[in-house]
Amino acid sequence: MNSDFLSLIKESEALNSDVFSLIRLLLLSSIANVGKDGVTYRELKAALGVSDGALFTNLSFLEKTGYVTSKEITLEGKNLKSYQITQEGLLAWERISNWLKKFVECGGKNNESG
Amino acid sequence: MNLDKVVACLKEISFKPKINEFQDRLIIQKVVYLLQRKGIDSNFEYNLHVRGPYSPDLTKEVYDHKSAVERLETSSKLNNSESKKVEEFKELFSELKPSILEVAATYSYFAFGQNQDVITALQNVKRMKSFYSEAQIAVGVSKAKEFLFRPSKKELTDLKEELRPWQEASAKSMRG
């Protein structure tokens, strides 16, 4: 086991482990990627192919955590709910994605040496 | 990245956006994508996001130069060929309906950007834009095809061959 791995473990202590479920990571990444523009509930549902129950619960979790905010928008006369990333959410997503990259790289190194 | 050219295109299609409006930002994203596919390159990189083809850099630029975009201020002038392409766009997408633009841009991404066959591209559009009706999808796809389809040499030859009997019949009837 190399020191990179140990520092990874140390770094992981700063991450919000509640976000580490596939759907929450997908939501955080999808909403972060469109920045200020935000993304509608129906777009998330269609693109991620998740049920209303799962989507609503996990979006509510991300809102409560302060990582996303929601607002009503109008599109072609329809009122829709749109989700935007917050500064806190963006920082959390950057921290998580950087950590995941290091984690994958570290796994590769360990496999080569082992 | 050339926001000036984007603004010149918006000016040509007489679209004066309000940047704080979600709908207007969506229209800008899709108009620029479709025009880039047509060959009016304003150098914004697009990738497939949850909203279809999308350029985060374009959003950033639009916000950073909000008042210039809203007032359609630009130092860029489209050349003749670009103006013709924008004119064609204007004729096809005259209403600038977000639903039609979204479908057209998403279909273009799969069919012309990723070179997917017609059926696969259509299936992917239906999956990503499942909240739109069959009719909205059909209109968007057909407009994308009309705007961007460029027949290959073989397709042109086949088409001429297919039309030959009609043309001969028409010529014959004209001769009396």
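This report walks through a predicted model with chains A and B, taking in the contact between them, a sheet in chain A and a helix pair in chain B.

First, the confidence scores. The model comes in at ipTM 0.78 and pTM 0.84. For chain B, the mean pLDDT is 91, with 96% of its residues at 70 or more.

**Where the chains meet**

Chain A puts 18 residues into the contact, and chain B puts in 18 residues as well. On the chain A side, the elements that give two or more residues are helix H2 (22-33), helix H3 (41-48) and strand E2 (68-75). H3(A) gives the most to that side, with five residues. Sorted by class, the side of chain A that touches chain B has seven nonpolar, six polar and five charged residues.

**The sheet in chain A**

Strand E2 of chain A turns up again here. Chain A has an open sheet of three strands, ordered E1-E3-E2, with antiparallel pairing. E1 (39-40) and E2 of chain A are the edge strands, and each has a single partner strand, so one side of each has no neighbour in the sheet. E2(A) pairs with E3(A), residues 78-85, over eight bridges in the antiparallel sense. If you'd like one pair to look at, take Ser70(A): its bridge partner in E3(A) is Tyr83(A). Helix H4 of chain A, residues 52-65, packs on this sheet and touches E2 and E3 of chain A. The direction of H4(A) makes about 120 degrees with that of E2(A).

**A helix pair in chain B**

Over in chain B, helix H6 (residues 98-113) and helix H8 (residues 134-148) have axes that come within 8 Å and cross at roughly 55 degrees. That angle is neither under 35 degrees nor in the 65 to 115 range, so the pair counts as oblique. The crossing of H6(B) and H8(B) is right-handed.

Here's who takes part in that contact:

| Helix | Residues in the contact |
|---|---|
| H6(B) | Ser99(B), Ile100(B), Val103(B), Ala104(B), Tyr107(B), Ser108(B), Phe112(B) |
| H8(B) | Gln136(B), Ile137(B), Val139(B), Gly140(B), Val141(B), Lys143(B), Ala144(B), Leu148(B) |

By class, the residues of this contact split into 10 nonpolar, four polar and one charged. Among the H6(B) residues to pick out on screen are Val103(B) and Tyr107(B), and on H8(B) they include Val141(B) and Ala144(B).

Terms used: Residues numbered from 1 in each chain as written. Chains lettered and ligands numbered in written order. Predicted model: local features only at pLDDT ≥ 70, side-chain atom pairs only at ≥ 80, totals over all residues. pLDDT = per-residue confidence, 0-100. Contact = placed C-beta atoms within 7 Å. Helix = DSSP H or I, 4+ residues; strand = E, 2+ residues; numbered from the N terminus. Nonpolar A, V, L, I, M, F, W, Y, C, P; charged D, E, K, R; others polar. Pairing = 2+ DSSP bridges. Axes fitted to C-alpha atoms, helices over the stretch in contact; angles between N-to-C directions. Parallel < 35°, antiparallel > 145°, perpendicular 65-115°, else oblique. Left-handed = near helix turned anticlockwise from the far one by under 90°.
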